[in-house]
Each structure stands twice: as structure tokens, then as C-alpha cells.
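Reader: Could you take one buried spot in this model and look at it closely for me? Start there, then work outward through whatever surrounds it.

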Amino acid sequence: MTVPAPAAARPSLLVPFLLGWGAGALLFVLVRTAGLALLGDPCRGRTLLALLVPLLLGPGGLAFTATNWGYPRRAALGLGLVVASFLPALAVGVRDIGVLRATGCAGGYVVIAPAGGNSVNEVSVRAGEGLDLTVRVGGYTPQSHPGTFVLSTASSTPGITLTLPRRQAPAGETVPLHVAVAPGTPPNTYTVGVRGVLRRGDRTFEADGTLDVNVRP
């Protein structure tokens with residue numbers, strides 16, 4: 001009686017997967033370290049650096065996996081590269097972009113909101129009435145951009161006036177805003193805006209916000 005030969009053990013795919021992930025993570029660390037050392041400007045080129053490795057590893061790893069699908073170990077290596085494109089590459093990149101926004105590298109904006117409420121981009125007001133809101137400069141911090149922003153308002157119609165009791169405020173500080181609609185203003189949607197400008201030496205930092213006012217009869 002012939003004893004059947006034992007089946008050959010299937011090669012483990014964990015090792016090539018970990019090798020792919022390790023290679024991707026190592027590439028991310030090397031590129032990020034070199035980029036931070038070479039980029040002298042605190043803003044310029046930082047977004048590209050944050051997204052470069054995820055964009056290389058993700059599509060590249062998927063293409064490598066697809067072309068080697070018939071070879072499980074190579075495909076596992078490609079999947080490791082894809083996972084590395086998300087963690088740590090994309091996770092750290094998203095955090096870096098968040099830091100850039102917090103330091104004003106992505107530009108500023110004016111947040112218009114009800115007192116104690118969330119940001120709004122549209123309100124409804126009857127002709128002859130008014131509405132109390134608040135504004136604050138976002139996208140910058142007092143630490144990254146010390147000083148005060150000069151605030152100004154703009155309205156697309158004489159029937160809507162914006163009143164700011166304070167015309168200067170540092171980044172992040174809330175300032176009251178009153179929107180008044182004159183009696184007889186035709187029902188329509190009008191756009192108003194608030195701008196903040198900070199001048200530091202020969203540089204100017206701007207923040208803008210707009211609001212649609214629906215005038216009801």
C-alpha cells in the first residue's frame with residue numbers, strides 16, 4: 001500500500017506583505033525627512049510633500065498588485081505598499097496639511113455665525129428687521145499671525161447694512177455683527193461680505209467671508 005506524499009505547505013503571504021509595508025514606510029520616512037530638510041519656506045511645497053508619497057505608493061502598489069495577481073507573494077508585496085500609502089503616509093500627510101491650515105499657509109477665511117452657533121452661509125430676514133450674528137477670522141492663529149486684522153464689510157445693495165462695533169480683532173476672536181434690512185427692500189437674495197486684512201511689513205494676509213441674505217416681505 002502506497003502512502004500518499006504530504007501536500008506541500010503553502011508559502012506564507014504575511015512575510016512579503018510586511019516587507020512591502022516596511023519598504024513603503026521606509027520610503028515615506030526618507031522622502032519626508034529629505035523634504036523637510038530641503039524646504040526652507042514654512043508653507044511653500046509642504047502640501048506637495050504631504051501628498052507625494054501616498055500618491056506614489058497607492059496607485060503604484062495597486063498597479064504592481066494587479067500585474068502580479070497570478071504570483072501570490074508578489075501580489076502580497078504590492079498590497080503591503082498600498083497599506084503603507086494609507087498608514088503611515090496618508091495619515092501623517094493629512095495631519096501635516098491640518099497643521100498648514102492652522103498656521104495660515106492655506107489662507108484665511110471669515111466665519112459668520114449666530115452667537116454661539118455654527119457657521120452659516122445663508123440667513124432670512126424680513127424687510128425692516130435685523131439679525132445679530134458674529135464674525136471671526138479663521139485659518140490663522142494669534143501665534144502664527146500676531147496682531148490685529150482690520151475688518152471691513154461689503155453689501156450688494158444699499159437696503160442691507162452691516163454694522164461692526166469693532167473694526168479690529170486678532171485671529172480667532174469673535175466680533176458682533178448686525179445685519180439690518182431697510183423697510184421697502186425688495187424680496188430677493190443679496191450677498192454681503194466681511195473681510196479681514198493683516199499687514200505685517202511688506203506682506204498682507206487676507207481673510208474673506210460671504211453671506212446670502214434672503215429678504216422676505
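Author: Asn 68 counts as buried because its relative accessibility is 10%; buried means under 20% relative accessible area, exposed means over 50%, and partly exposed is in between, using a 1.4 Å probe and protein chains only. Before going on: this is a predicted model, numbered from 1 along each chain as its sequence is written, where local features need pLDDT of at least 70. Side-chain atom pairs count only at pLDDT 80 or more, while totals for chains, interfaces and linings use all residues, and side-chain values use heavy atoms, with hydrogens and water left out.

Asn 68 sits in the loop between α2 (46-67) and α3. Helices here are DSSP runs of H or I with at least four residues, strands are runs of E with at least two, and both are numbered from the N terminus. If you set aside neighbours within four places in sequence, Asn 68 is in contact with Arg 74 and Ala 75, contact being heavy atoms within 4.5 Å. Arg 74 also lies over the face of Tyr 71, 4.7 Å from the ring centre. For that label, NZ of Lys or CZ of Arg has to be within 6 Å of the ring centre and within 35 degrees of the ring normal.

Helix α3 covers residues 72-102, and Pro 88 lies in it. Here's one to check on your screen: the peptide bond from Leu 87 to Pro 88 is cis, with omega near 20°.

Now for the annotation. An unreviewed UniProt entry gives "transmembrane region" for residues 20-40, 47-69 and 75-94; its positions are in the numbering used here, its feature names are shortened, and such annotations may be inferred rather than shown by experiment. Over residues 47-69 the model is 91% helix and 0% strand, with the end C-alpha atoms 33 Å apart. For residues 20-40 you get 90% helix, 0% strand and 32 Å between the end C-alpha atoms.

What about helix α1? It runs over residues 14-38, and at 1.5 Å a residue its 25 residues should span 36 Å, which agrees with the 36 Å between its end C-alpha atoms; the expected span is 1.5 Å times one less than the number of residues. The buried residues in α1 include Gly 20, Gly 24, Ala 25 and Phe 28.

Phe 28 brings us to the cores, each a set of buried Ala, Val, Leu, Ile, Met, Phe, Trp, Tyr and Cys residues joined through side-chain atoms within 4.5 Å. The largest nonpolar core has 28 residues, and Ile 112, Val 135, Ile 160, Leu 177 and Val 213 touch the most other members. The strands that each supply at least two of its residues include β1 (108-113), β3 (130-138), β7 (175-181) and β9 (203-216). β9 gives the most to this core, with 5 residues. Apart from the largest core lies another, of 6 residues, with Phe 28, Val 53, Leu 57 and Leu 81 among them.

Back among the strands, beyond four places in sequence, Ile 112 touches residues including Val 120, Leu 133, Val 135, Leu 177, Val 194 and Leu 211.

There are 2 aromatic pairs in the structure, a pair being Phe, Tyr or Trp rings (six-membered ring for Trp) with centres within 6.5 Å; planes under 30 degrees apart are stacked, over 60 edge-to-face, and the rest tilted. Tyr 140 and Phe 205 make an edge-to-face pair, at 6.1 Å centre to centre and 75° between the planes. That pair ties the loop between β3 and β4, home of Tyr 140, to strand β9, home of Phe 205, 65 residues apart. Both Tyr 140 and Phe 205 are buried, and ring pairs join them with Phe 149 into a cluster.

Thr 141 is in the loop between β3 and β4 too, but it counts as partly exposed because its relative accessibility is 21%. Ala 154, in strand β4, is also partly exposed, because its figure is 46%. Past its neighbours up to four places away, Ala 154 touches Leu 162, Val 192 and Gly 193. From Ala 154 to Gly 193 is 39 residues in sequence and 5.1 Å in space, C-alpha to C-alpha.
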